[in-house]
Amino acid sequence: MYILAFESSCDETACAVVEMSEDTRQIKSNIIASQVDIHALYGGVVPEIASRAHIEAISKITYEALEVAGVTLDDIGAIAVTQGPGLIGALLVGVSFAKALAFARGIPLVPVDHIKGHVAANYLCHKELKPPFLALVMSGGHTSFFDVKSYTDFEEIASTQDDAAGECFDKIGRVMGLPYPGGSAMDKLSHKGNPQAIPFPSPAISKDTLNFSFSGLKTAVINYLNTKKQKGEEICREDVCASATHAIVEAVKQKVEMALKKTGYNTIVLAGGVSANSHIRAGIDEVCQKHGASFFAPDLSLCGDNGAMIGAQGYYEFLDGKRADETLNAFPS
Ligand code: KG4
Ligand code: ZN
């Protein structure tokens, strides 16, 4: 069946058509209208501007998604939409648009959790992947381990106690004057730096839990940068990026190793915007090879927010009988 899917939780307005069945998981179109350039002026997402930009983009990208897929609304078996978490005003644009379209055309409407959508990006890239497995979701707003018991049944078994990994990358990047969002710029710069140059604190808070804490690392790096600036000393941005990334990668490796032992799973799935990080991917791959576990991460084009991942998850929610009517509301958290 064809699913038309909408994603508008943050700063990308996205619409996709995916074709899903028991043995098909195919992206027919995946259109993203990014607002990154607009928010870059402010060094972060401005919620009010995001909502307005979603309104301006959503009709146009819907036509485009249908056209690129070579289908019409008559071919669509279900409409999937991100219900949350995310920015409330931004979410409401996608939810309202999807509700109106579903109601007007009598198409079943399926609400989708954004985090589950990120995990589902992996189904589109790895046809053999099936739950159960262990998922690590690392995005701008979340860093959590999930026991993925089935396509729709997730149990969060650990999370960050404060900032998310992406937030940590972005805030450090902003203080260093890197282009917004800082995560991908730091990824590139850190390849040219020395990961051992500066001993930053680990975001792996304690050896007994799978939880993370990124605020201590973020503060330590920002303090380091401010102290250097006050003293008028040169900052080697490459070394700062490499050392901060090293602290994150070592913590992720430690927690993934612990999670594999604790849960007994031998498949780990990485998801979310931060899953594009080359060092984190390589680090988890190394741990999985050591333990004979399988490791899956989305293609780079599907790591960030997109509609196809919402369509893929929407299909499994649809099979589970999940439906919404015109009273559907967005939930920010
Ligand atoms: O999942 P996502 O697109 O949006 C949310 O749901 O939050 O994640 C965005 C986050 C941003 O913090 C961004 O800096 C980060 O993903 N990111 C990266 C990389 N590419 C994007 N972080 C580290 N390394 C990257 N290569
Ligand atoms: Zn996301």
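1. Pocket. In this predicted model, ligand 1 occupies the largest pocket. Its shell counts 19 residues. His118, Gly140, Asp170, Asp187 and Gly273 are the closest of them.

2. Shell by element. Three helices each give at least two residues to the shell around ligand 1: H4, H5 (165-175) and H6 (182-190).

3. Polar contacts of ligand 1. Asp170 places a polar side-chain atom 2.6 Å from an oxygen atom of the ligand. The side chain of His114 has an N or O atom 3.1 Å from a ligand oxygen. Gly166 takes part through its backbone: an N or O atom there is 3.2 Å from an oxygen atom of ligand 1. Taken alone, ligand 1 has 550 Å² of accessible area, and the protein covers 84% of that.

4. Zinc site. Which residues coordinate the zinc ion (ligand 2)? They are His114 and His118, each through NE2, and Asp305 through OD. The distances run from 2.0 to 2.1 Å. Water is not among the atoms, so the site may look incomplete.

5. Donor spacing. Along the chain, the zinc donors read H-x3-H-x186-D. The two histidines lie 4 residues apart in helix H4 (residues 114-125), so about one helical turn separates His114 from His118. Both His114 and His118 are buried.

6. Shared residues. His114 and His118 deserve a second look. His114 coordinates the zinc ion through NE2, and its side chain also has an N or O atom 3.1 Å from an oxygen atom of ligand 1. His118 is likewise a zinc donor, and it is listed among the closest residues to ligand 1.

Notes: Residues numbered from 1 in each chain as written. Chains lettered and ligands numbered in written order. Predicted model: local features only at pLDDT ≥ 70, side-chain atom pairs only at ≥ 80, totals over all residues. Heavy atoms only, no water. Donors = N, O, S within 2.8 Å, 3.2 Å for Na, K, Ca; no water. Buried < 20%, exposed > 50% of the residue type's maximum accessible area, 1.4 Å probe, protein only. Near = heavy atom within 4 Å. Polar contact = N/O pair within 3.5 Å; in protein donor to acceptor, adjacent residues only side chain to side chain. Areas by Shrake-Rupley, 256 points an atom, 1.4 Å probe, with all protein chains shown as cover. 1 Å grid on protein atoms, 1.4 Å probe; cavity = no way out; pocket = protein on both sides within 12 Å on 5 of 7 lines; lining within 4 Å. Sits in = over half its atoms within 2 Å of the grid points.
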